[in-house]
Amino acid sequence: MFSFSSEAGEQLIREVLRDLWPHTPRDYQVEAVSKLLDGVDVLAILPTGAGKTAILTMFMLILDHMSLDPGRFPSHCRWFPEDPIMVVVYPTNCLEEEQVRVYTFGDQFT
């Protein structure tokens, strides 16, 4: 059975992100996203600036892509809602305000 945590699954994640994400994701980011897509809880302990927020963003981009192009994914992987939502609790107001600006006004990746 297909698993996002497999080599084929991680390759699929990279292919989808290639069109949606302006940077090449790091291996540990793809691994985290693959686990999340497989329904496995992930605890990412990384230094500041290492891409923890990017993991969440990549995950949401994949979910959104799955809802728009479900045929690209195996049928048993389509258990996600059509209009996914995520709640993120930020430790600082500054980071929260930056993320709201980026994802609300569309000037993401700047």
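This report describes the fold, one buried serine and one salt bridge in a predicted model.

## Overall fold

The protein chain contains 4 helices and 0 strands. Read from the N terminus, its elements follow the order α-α-α-α.

The chain has 110 residues, of which 30% count as buried. Its exposed surface is about 7,300 Å², with 55% of that supplied by carbon and sulfur atoms. Among contacts with a separation of 6 or more, 53% are between residues 24 or more positions apart.

## Serine 34

Serine 34 lies in helix 2, which spans residues 27-37. Its relative accessibility is 0%, so serine 34 counts as buried; the cut-off for buried is under 20%.

Once neighbours within four places in sequence are set aside, the contacts of serine 34 are Phe4, Ser5, Glu10 and Ile13.

## The salt bridge

Side chains of opposite charge can pair when their charged atoms come close. The model has 1 salt bridge by the rule applied here. Aspartate 27 pairs with arginine 14, and their closest N and O atoms are 2.6 Å apart. The pair links distant parts of the chain, with aspartate 27 in helix 2 and arginine 14 in helix 1 (residues 7-20), 13 residues apart.

Aspartate 27 has a relative accessibility of 57% and therefore counts as exposed, the cut-off for exposed being over 50%. Within helix 2, then, serine 34 is buried, whereas aspartate 27 is exposed.

How values were computed: Residues are numbered from 1 along each chain as its sequence is written. This is a predicted model: local features need pLDDT of at least 70, side-chain atom pairs count only at pLDDT 80 or more; totals for chains, interfaces and linings use all residues. Side-chain values use heavy atoms; hydrogens and water are left out. Helices (H or I, at least four residues) and strands (E, at least two) are DSSP runs, numbered from the N terminus. Buried means under 20% relative accessible area, exposed over 50%, partly exposed in between (1.4 Å probe, protein chains only). Contact means heavy atoms within 4.5 Å. Accessible areas come from the Shrake-Rupley method with a 1.4 Å probe; for residues, only the protein chains shown count as cover. A salt bridge is a side-chain nitrogen of Lys or Arg within 4 Å of a carboxyl oxygen of Asp or Glu.
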